[in-house]
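I opened this notebook to keep track of what I looked up, one entry at a time. My topic for these pages is charged pairs, followed by a helix.

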Amino acid sequence: MREKERLLNPQEPLRFIFSHSALREGWDNPNVFQICTLNETKSQDKKRQEIGRGLRLPVNRKGERVHDEHINRLTIIANESYEDFARSLQAEFEQDYGIMFGKIDVIAFSGLIRPSDTAENSLGQDVSKIIWESLVANGYLTADGEITDKFDPKNPHFELALPEEFAELRPAIVDTIQSRLFRNRVVNARERHTVTFNKQVQLSPAFEELWNRIKHRTRYRVQFDTAELIEKAVKRISEMEAIQPIRLSMTRVGVDITEAGVEADRTLEQRTREAAPVRVLPDLLAYLQKETELTRHTLVEILKQSGRLSEFRINPQAFMTAVGLEIGRALHDLMLEGIKYEKLASQEWEMSRIEPQSETELTRYLNNLYEVQNKDKSLFDFVEFDSEVEKQFARDLDNNENVKLFVKLPRWFRIDTPIGPYNPDWAFVTEREERLYFVRETKSTLDSEDRRTKENQKIRCGERHFDALEVDFDVVTRLSEVAM
């Protein structure tokens, strides 16, 4: 327990910890991915503490937080109904904080973008209201916006009824509703299916040709002008919101002790005041150097020209965080403009890794599997999907006569970028001409603006990577956008 940093080392043999109290308060280890409860937990507080140990963002070997949703996942092996616990916890949040789950707001679809809209204009609140009213009229939502049992995307025969003008938005609308559906939050581990690997497809000339084109690893070089970086960073910092001082709030209440118990419902005094300026300031340049890996001279120039340095004393931590974030964004923009990839002669992805090595690798959850109809076109008889958009794309690939072969690339197939690894989703070959396309999962209404920006930046790096391999690359949301 005193040397938990050792767990970050891949060479560390320790992987399991057995303890009767380690998962309670006072033990902070972010890299907990599986929790197996061997005793029956009666206490709700203890159960919350146990789950909370695994709900922290993991860190890598450098101690940096990892935001990859495929890695940042907690698995609970329980001997009791965690679904009942999750439901009761949700009910408490609704009662105590007024937060409503499982309801769709009238404006929930306002941020959606039509796939055919090249300008990427969002639908807006008026159009979102039309979609919402259609869902209510068709029985998918109640008049209060609650999701009904009629909305059941797990049913293979389910198809969301919508006006024809919104047909192309159907997968995105389903994903938006599912993101608010509680019954999809808890997955029953017993509802699993073992997929079958098709060795004949792997040995086919079409797949061999496909793999030979995409298997090469690359490395990137970045060139940027320091003066331009300073200019962009200064502009970003000068436009950020004003740093607010630390505020201290104090509430004094009256406590009455009666035969019914202790009551504290009388507020006697409530005050809020700003904290005094910090006397001992942290090392601003050391923090920014660690965050951006830029020289002290460059950072000094950025801070001087920004005209915001006087706000450092107001709230040092908020200032450092905000400035570091803006400099990092300016740096990423420049790096992506000047990034170049080159193929490594002796490094490539081995095709043998495609074939599963154990039955565990073949086991998938039933609720996110699409059954392939044309078995000779795919490596597996089922394809795993993460959204309704992906499911629809898999169905289109399967049913399109011009597609000779398609594969969803494994998660270990990653391209290095300055802002983290990028994992393209699909690779496929067409009949008319052997072309390769990659498609990213779209979650425009679920992700923050910052996350969408990072994803787009990674895609741009992926484009440069495949340019170096002389492989066609494209980003689409549906198969009809691909010229075949």
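I looked up arginine 236 and found that, at 29% relative accessibility, this residue counts as partly exposed, where buried means under 20% relative accessible area, exposed over 50%, and partly exposed in between (1.4 Å probe, protein chains only). The model is a predicted one, in which local features need pLDDT of at least 70 and side-chain atom pairs count only at pLDDT 80 or more, while totals for chains, interfaces and linings use all residues. Residues are numbered from 1 along each chain as its sequence is written, and side-chain values use heavy atoms, with hydrogens and water left out.

Next I asked which residue meets the side chain of arginine 236 in a salt bridge. I found aspartate 333, at 3.2 Å from N to O, a salt bridge being a side-chain nitrogen of Lys or Arg within 4 Å of a carboxyl oxygen of Asp or Glu. Arginine 236 belongs to helix α7 (residues 226-239) and aspartate 333 to helix α10 (residues 316-337), so this pair ties together parts that are 97 residues apart in sequence. I took helices (H or I, at least four residues) and strands (E, at least two) as DSSP runs, numbered from the N terminus. Aspartate 333 is partly exposed, at 23% relative accessibility.

Within α10 I then noted a salt bridge between the side chains of arginine 329 and glutamate 326 (3.4 Å, N to O). These two are three residues apart in the helix, which means that about one helical turn separates them. Arginine 329 is partly exposed at 27%, whereas glutamate 326 is buried at 12%. Salt bridges that share partners join Arg236, Glu326, Arg329 and Asp333 into one network.

I searched the whole structure and the result was 13 salt bridges. One of them joins the side chains of glutamate 348 and lysine 215, at 3.6 Å from N to O. Glutamate 348 sits in strand β7 (residues 339-348) and lysine 215 in the loop between α6 (205-214) and β4 (216-222), so parts 133 residues apart in sequence are tied together. I read glutamate 348 as partly exposed at 31% and lysine 215 as buried at 16%.

Last, I turned to helix α11 (residues 388-399), whose 12 residues should span 16 Å, and the end C-alpha atoms are indeed 16 Å apart; the expected span is 1.5 Å times one less than the number of residues. Its buried residues include Val389, Phe393, Ala394 and Leu397. The buried residues of α11 pack against α4 (170-178), β9 (369-371), β10 (382-384), β11 (403-408) and β12 (426-430), where contact means heavy atoms within 4.5 Å.
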